[in-house]
Amino acid sequence: MGLAVQARFRAWNSIPMPRCSGNRNEGVNGGPSPAEEFAPLATKFQRRLLVGTGSASLVAFGANFGGITSFLLGLSPQSGRNLKLDVLYPIGGYSRCIDTKEGFEFIYPANWVGDQTVLYRAAKKREMERSLDPPPLNVRRRSNINEPVVAFGPPGSTGELNVSVIVSPVAPDFSIEVFGGPDEVGEAVVRSITGSGQHPEVKGTLIKSSLREDSIRNAKYYELEFRVESPSFRRHNVSVCCARGGRLFTLNAQAPESEWPGLKLDFYRIANSFSLTI
């Protein structure tokens, strides 16, 4: 396994939580989906509510907008999911993240939020990119460190329970298939996390693995479930790996082992919903 891929797999052990960066997806006839069309309206409306204009007409509009949306989604939840309306309004307890810059999407529990530390880091990065001033001389670039591009977790959590996505650069001709089938890929992931014996106190166990194929987008998703434990923690993970166009996409959902029984259905739904949009 290449150094870039190994570095990516090691990053799974402690993953912070950032934000969802976009919500665009093509509609049935190649045009924008309803989620994309209404996203600017929803964002503008929410921003005005947060400012607190005190306008009775605005409050009435908000109540009507939310009521109509809830009514439509309640009539046909599956239709709402197919139209990506869960970007705007939770369906069945889940919201959808669509990252148009990186090209992926997945659903997550509607009561989960993004990590403010990661949001601040992303905002700081954009600010520096727009600045006309040269960067400080004492700041070194961290191009060799893969950080999540998006992640969510329960409000006030420490990061032990979250779902995140990391997009790592790999060789243009990189293919996960060269490592073998789902079991071989899973074992390779577990070995890379535990350091291939370099950290004997950290144990990894592959529980199950499978391959999900998307014939329309010609994509293969390796879904893995494994346990990582040491004297200080016991963690349950569900991950999805997919390679496309010189990038390795990895979704990882992790939870303390003690909380796994109550979360496994959520994790399975998250993993099964992850897909590329490019």
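**Reading a predicted model: cysteines, cores, strands and rings**

Modeller: Let us start with the cysteines: this structure, a predicted model, holds 0 disulfides.

Colleague: How far is C241 from the nearest cysteine sulfur?

Modeller: A disulfide needs two cysteine sulfur atoms within 2.5 Å. For C241 the nearest such sulfur belongs to C242, 8.9 Å away, so by that cut-off C241 is in no disulfide. The case of C242 mirrors this, with the sulfur of C241 at 8.9 Å and no disulfide.

Colleague: Are C241 and C242 buried or exposed?

Modeller: C241 is buried, at a relative accessible area of 1%, and C242 also counts as buried, at 1% relative accessibility.

Colleague: Let us move to the interior. Which residues have the most contacts inside the largest nonpolar core?

Modeller: The general idea is that nonpolar side chains in soluble globular proteins tend to be buried together. Here the largest nonpolar core has 27 residues, and F104, F106, V163, F267 and F274 have the most contacts inside it. Several elements supply at least two residues each, including β2 (104-109), β4 (162-169) and β8 (247-256). Helix α7 gives the most, with 5 residues.

Colleague: What does F106 touch beyond its neighbours in sequence?

Modeller: Leaving out residues up to four places away, F106 touches a set that includes V150, F152, V163, L251, I270 and F274. Apart from this core lies another, of 15 residues, with V190, I193, Y222 and C241 among them.

Colleague: S95 is on the list for F106 too. Where does S95 sit?

Modeller: S95 is in strand β1 (residues 94-99), and at 11% relative accessibility S95 counts as buried. Besides F106, the contacts of S95 outside its sequence neighbourhood include D86, P90 and Y108.

Colleague: Now the strands. How many residues of β4 are buried?

Modeller: In a regular strand the side chains alternate between the two faces of the sheet. In β4, 7 of its 8 residues are buried, so the strand is mostly covered.

Colleague: Which strands does β4 run antiparallel to?

Modeller: β3 is joined to β4 by 3 bridges, and they run antiparallel. One to look at is F152, whose bridge partner in β4 is V163. β4 and β8 also run antiparallel, joined by 8 bridges; there S164 has N252 in β8 as its bridge partner.

Colleague: And how should I read the aromatic pairs?

Modeller: A pair of rings is described by the distance of the centres and the angle of the planes. A search of the whole structure finds 10 aromatic pairs. F174 and F179 have ring centres 6.2 Å apart and planes at 55°, so this pair is tilted. F179 itself is partly exposed, with a relative accessible area of 26%.

Colleague: What kind of pair do W260 and Y268 form?

Modeller: W260 and Y268 are edge-to-face, with 5.8 Å from centre to centre and 80° between the planes. W260 counts as buried at 8% relative accessibility, whereas Y268 counts as partly exposed at 30%.

Colleague: Which residues do ring pairs link into a cluster?

Modeller: The cluster is made of F104, F106, Y108, F152, Y221, F249 and F274.

Colleague: Which charged residue lies over the face of Y221?

Modeller: That is R212, at 4.4 Å from the ring centre of Y221. A further case is R235, whose charged end sits over the ring of F233, 4.5 Å from its centre.

Conventions: Residues numbered from 1 in each chain as written. Predicted model: local features only at pLDDT ≥ 70, side-chain atom pairs only at ≥ 80, totals over all residues. Heavy atoms only, no water. Buried < 20%, exposed > 50% of the residue type's maximum accessible area, 1.4 Å probe, protein only. Core = buried A, V, L, I, M, F, W, Y, C linked by side-chain atoms within 4.5 Å. Helix = DSSP H or I, 4+ residues; strand = E, 2+ residues; numbered from the N terminus. Contact = heavy atoms within 4.5 Å. Pairing = 2+ DSSP bridges. Phe/Tyr/Trp six-rings, centres within 6.5 Å; stacked < 30°, edge-to-face > 60°. Lys NZ or Arg CZ within 6 Å of the ring centre and 35° of its normal.
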